[in-house]
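Please take a look at this protein chain with its sequence alongside. A short report follows.

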Amino acid sequence: MDERIVQFSFIKENYRVYNEKLSEVRAGRANPAILNGITIDYMDEITSKKNGLVYSDDESVVVGIDSSSDGFTGTVPYGPVRIEEEAFSCCALENIVLPDSVESVGANLFCNSTVLETVHLPAGLRELSPFMFCGCKALTKVDMPFEVDDFTEGLFADCCSLTEIPFCN
């Protein structure tokens, strides 16, 4: 496996853990000391930051939300073709819109985003990832593509506020 891919995976996991813990600190549920020892030093070498999001260096993949910025308002700009797994997990936004340029999404995409209420998925997205909305307790509406190949394992697990799933035409 390419060393850069291995490095990216390691850094991405550390970045996810850092973002999760930073959210806990910002919400007053944890002491800032829990951030000690998490290494994300090389993230800038293989990613770019724009619009409050972290992208792969060619900006074709959204890796996650930039925790050092307030620039992400919930709408991903047109361009990226993939959203990485857990990119929006534990996020504090109420609404997220993914652009029609997105063709694939990773597992646990919105997992445990407990204040997330609405999501608009791209019309061309055919495969929904496992546990995509797991634990989104406030989720009330998902605009789905008209054609979906499969409803994967745990897709809407623990989505106790979801009453209907409208499909886009």
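## Cysteines

The sulfur of Cys159 lies 5.2 Å from the closest cysteine sulfur, which belongs to Cys136. A disulfide needs the two sulfur atoms within 2.5 Å, so this pair is too far apart for a bond. Cys159 counts as buried, at 10% relative accessibility. These values come from a predicted model.

By the same distance rule, the count for the model is 0 disulfides. Cys90 is in no disulfide either. Its nearest cysteine sulfur is that of Cys111, 6.7 Å away. Cys90 has a relative accessible area of 26%, so this residue is partly exposed.

## Confidence

How far can the coordinates be trusted? The mean pLDDT of the protein chain is 80. Of its residues, 72% reach 70 or more.

Confidence varies by element. Strand β5 has the highest mean pLDDT, 97. Helix α2, residues 43–46, has the lowest, 53. Where pLDDT is low, the predicted coordinates should not be read in detail.

## Overall build

The protein chain has 2 helices and 8 strands. Along the sequence, the order is α-α-β-β-β-β-β-β-β-β. Both helices thus precede the strands.

The protein chain holds 169 residues, and 41% of them are buried. The exposed area is about 8900 Å². Carbon and sulfur atoms supply 48% of that area. Among contacts with a separation of 6 or more, 22% join residues 24 or more positions apart.

## The open sheet

Which strands form the open sheet, and in what order? There are 5 strands, in the order β1-β2-β3-β4-β6, and the pairing is mixed. The edge strands are β1 and β6, and each of them pairs on one side only. Strand β6 covers residues 104–105.

Start with β1 (residues 47–50) and β2 (residues 53–56). These strands run antiparallel and are joined by 4 bridges. They form a hairpin with 2 residues between them. In the turn, Asn51 has a positive phi of about 55°. Lys49 has Val54 in β2 as its bridge partner.

Next comes β3, residues 61–65. Strands β2 and β3 also run antiparallel, with 3 bridges between them. Tyr55 has Val62 in β3 as its bridge partner. This hairpin has 4 residues between the strands, and Glu59 takes a positive phi near 65°.

## Ser48 on the edge strand

Ser48 lies in strand β1, one of the edge strands of the sheet. Is Ser48 buried or exposed? Its relative accessibility is 18%, so Ser48 counts as buried; the cut-off for buried is under 20%.

Ser48 stands opposite Tyr55 in β2. Tyr55 is also one of its contacts. Setting aside neighbours within four places in sequence, Ser48 touches Leu53, Val54, Tyr55, Ser56 and Glu59. Glu59 is the residue with positive phi in the hairpin of β2 and β3. Ser48 and Val63 are 15 residues apart in sequence. Their C-alpha atoms are 9.7 Å apart in space.

## The phenylalanine cluster

How many aromatic pairs does the model hold? The count comes to 4. In one of them, the rings of Phe88 and Phe110 have centres 5.8 Å apart and planes at 10°, so the pair is stacked. Phe88 sits in the loop between β4 (82–83) and β5 (95–97), and Phe110 in the loop between β6 and β7 (118–120). The pair therefore ties together parts that are 22 residues apart in sequence. Phe88 is buried, with a relative accessible area of 0%. Phe110 is buried as well, also with a relative accessible area of 0%.

Phe110 also pairs with Phe133. Their ring centres are 5.3 Å apart and their planes lie at 10°, so this pair is stacked too. Phe133 lies in the loop between β7 and β8 (141–143), so the pair with Phe110 ties together parts 23 residues apart in sequence. Phe110 and Phe133 are both buried. Which residues make up the aromatic cluster? Phe72, Phe88, Phe110, Phe133 and Phe156 form one aromatic cluster.

Methods: Residues numbered from 1 in each chain as written. Predicted model: local features only at pLDDT ≥ 70, side-chain atom pairs only at ≥ 80, totals over all residues. Heavy atoms only, no water. Buried < 20%, exposed > 50% of the residue type's maximum accessible area, 1.4 Å probe, protein only. Contact = heavy atoms within 4.5 Å. Areas by Shrake-Rupley, 256 points an atom, 1.4 Å probe, with all protein chains shown as cover. Pairing = 2+ DSSP bridges. Phe/Tyr/Trp six-rings, centres within 6.5 Å; stacked < 30°, edge-to-face > 60°. pLDDT = per-residue confidence, 0-100.
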